[in-house]
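The following exercises concern the structure shown below. Each task is followed by a solution that proceeds step by step.

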Amino acid sequence: MPDADDPLICLCRRVRESAILAAADQGCRTLADVRDRTEANTGCGDCAADIEELLESVRTG
Ligand code: FES
């Protein structure tokens, strides 16, 4: 999938949007859940807001 369609959300761990959404699909509801499953947000921490935003978009459909 091209980068434009699937942006890197976590640069430290190179986790893309699709991986975060897949984790949400599999039941991850919080930043901590996503961290455990994908290792996103286990580096500098800067991607926290972006991950929260994705989770929020999943919650609200
Ligand atoms: S960009 Fe995700 S932890 Fe640094």
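**Exercise 1. Determine how far apart along helix H3 the partners Arg-59 and Glu-56 lie, and characterise their pairing.**

Step 1. Arg-59 and Glu-56 are three residues apart in helix H3, and are therefore separated by about one helical turn. Helices here are DSSP runs of H or I with at least four residues, strands are runs of E with at least two, and both are numbered from the N terminus. An α-helix has 3.6 residues a turn, so residues three or four places apart point the same way.

Step 2. The model is predicted: local features need pLDDT of at least 70, side-chain atom pairs count only at pLDDT 80 or more, and totals for chains, interfaces and linings use all residues. Residues are numbered from 1 along each chain as its sequence is written, and side-chain values use heavy atoms, with hydrogens and water left out.

Step 3. Arg-59 forms a salt bridge with Glu-56, with 2.9 Å between the closest N and O atoms. The criterion is a side-chain nitrogen of Lys or Arg within 4 Å of a carboxyl oxygen of Asp or Glu. The structure holds one salt bridge.

Step 4. Arg-59 has a relative accessibility of 48% and counts as partly exposed; Glu-56, at 37%, is also partly exposed. Buried means under 20% relative accessible area, exposed means over 50%, and partly exposed lies in between (1.4 Å probe, protein chains only).

**Exercise 2. Identify the buried residues of helix H2 and state what they pack against.**

Step 1. In H2, which spans residues 31-38, the buried residues are Leu-31, Val-34 and Thr-38. They cover an arc of only 60° around the axis, which puts them on the same side of H2; the arc is taken from the directions that run from the helix axis to the C-beta atoms.

Step 2. Their packing partners are strand E2 (15-16), helix H1 (17-25) and helix H3 (48-59).

Step 3. Leu-31 has 11% relative accessibility and so counts as buried. Beyond its neighbours within four places in sequence, Leu-31 is in contact with Asn-41, Ala-48, Ile-51, Glu-52 and Leu-55, where contact means heavy atoms within 4.5 Å.

Step 4. Thr-38 counts as buried because its relative accessibility is 18%. Its side chain reaches the backbone oxygen of Val-34 at 2.8 Å and the backbone nitrogen of Ala-40 at 3.0 Å. With neighbours within four places in sequence set aside, Thr-38 is in contact with Val-15, Ala-19, Ile-20 and Ala-23.

Step 5. Just after H2, Glu-39 adopts a positive phi of about 70°.

**Exercise 3. Describe the largest nonpolar core.**

Step 1. This core has 14 residues, and those with the most contacts inside it are Ile-9, Ile-20, Val-34, Ala-40 and Ile-51. Such a core is a set of buried Ala, Val, Leu, Ile, Met, Phe, Trp, Tyr and Cys residues joined through side-chain atoms within 4.5 Å.

Step 2. At least two of its residues come from each of strand E1 (8-10), H1, H2 and H3.

Step 3. Apart from neighbours within four places in sequence, Ile-51 is in contact with Ile-9, Ile-20, Leu-31, Val-34, Ala-40 and Asn-41.

**Exercise 4. How many disulfides are counted, and are Cys-10 and Cys-12 buried or partly exposed?**

Step 1. A disulfide is assigned to a pair of cysteine sulfur atoms within 2.5 Å. The count by this rule is zero.

Step 2. Cys-10, at 2% relative accessibility, counts as buried, whereas Cys-12, at 37%, counts as partly exposed.

Methods:
A polar contact is a pair of N or O atoms within 3.5 Å; within protein, one must be able to donate a hydrogen and the other to accept it, and residues adjacent in sequence count only if both atoms are side-chain atoms.
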